Amino acid sequence: MSKNAMWLTLIFVAAVVGAFMGPSLASVLSPGTLLILSVLLIGGIVIFCFWALSSNKSGAKADTAVIADARTMQAPAGKARIHVTRRGFVAALQGMNVILDGSAKGQIKSGQMLMADVEPGRHHLHIATAKAKLAHPAEFDIDVGAGGVVVIGAMIEMGALKGSIKLERLDAAKAREDVHATKLVLWEVPPAIR
């Protein structure tokens, strides 16, 4: 069982237990106490959401010509192309900070991707959540030749107290699907052109 499936199961079990215990708890506590507890719980959730999303950045969307070029999945002559895509619902609104080769910087949320045309060779990805306390970061080394196209899928797996970022090099069919299903955003600091 994957971590995500395990946590979804635990959340479901907690919801069922809460549904059965809620009425008995309501009969023991006064309406005023229940109201105060409800406000505190909802307020705590809202404050946590604002804190978790406070480091997100709104990446500039690419124009239609750049998007069309990205979806061809063909590198320019003498170069290689790297896509970093993100899909899924776990922490979908939490930004992921993507650093390529220590200099290029961008951020993606679920349903978004970054693309870089780079020199052939070895490249290094470092990806962390915008709020570093929410998930363990991940690193990935990519070897790509001239004319090569690599698509890296990024996702967050839930953990007990802290999630983990999972990166995988996608096969051709999944890579094409992800590139066509996500919106291209521009790098905050673009990759260096050599």
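**A nonpolar patch on α1 and the strands around β5**

Phe12, Val13, Val16, Val17, Phe20 and Met21 come together as a nonpolar patch on the surface, sharing about 620 Å² of accessible area. The model is a predicted one. Met21, one of the patch residues, sits in helix α1, which covers residues 3-28. With a relative accessible area of 51%, Met21 counts as exposed, because the cut-off for that label is over 50%. As for spacing along a helix, an α-helix has 3.6 residues a turn, so residues three or four places apart point the same way.

Zooming out, the chain holds four helices and 10 strands. Read from the N terminus, the order of elements is α-α-α-β-β-β-β-β-β-β-β-β-α-β. Of the 194 residues, 32% are buried. The accessible surface of the chain adds up to about 11100 Å², with 68% of that belonging to carbon and sulfur atoms. Taking contacts between residues at least 6 apart in sequence, 70% link residues at least 24 apart.

Helix α3 (residues 64-72) has details at both ends. At its N-terminal end, Asp63 acts as the cap, with a side-chain oxygen 3.2 Å from the backbone nitrogen of Ala65. Just after α3 comes Met73, which has a positive phi, near 55 degrees.

Over in the strands, β5 (residues 121-129) pairs with β2 (residues 96-100) in the antiparallel sense, through five bridges. Here Leu100 faces Leu125 of β5. Strand β5 also runs antiparallel to β7 (residues 138-144), and seven bridges join the two. In that pairing, Ile127 has Ala138 of β7 as its bridge partner.

Note on methods
Residues are numbered from 1 along each chain as its sequence is written. This is a predicted model: local features need pLDDT of at least 70, side-chain atom pairs count only at pLDDT 80 or more; totals for chains, interfaces and linings use all residues. Side-chain values use heavy atoms; hydrogens and water are left out. Patches are made of residues with over 30% relative accessible area and no salt bridge: like charges are joined within 9 Å, nonpolar side chains (Val, Leu, Ile, Met, Phe, Trp, Tyr) within 5 Å. Accessible areas come from the Shrake-Rupley method with a 1.4 Å probe; for residues, only the protein chains shown count as cover. A salt bridge is a side-chain nitrogen of Lys or Arg within 4 Å of a carboxyl oxygen of Asp or Glu. Buried means under 20% relative accessible area, exposed over 50%, partly exposed in between (1.4 Å probe, protein chains only). A polar contact is a pair of N or O atoms within 3.5 Å; within protein, one must be able to donate a hydrogen and the other to accept it, and residues adjacent in sequence count only if both atoms are side-chain atoms. Two strands pair if DSSP finds at least two bridges between them. Contact means heavy atoms within 4.5 Å.
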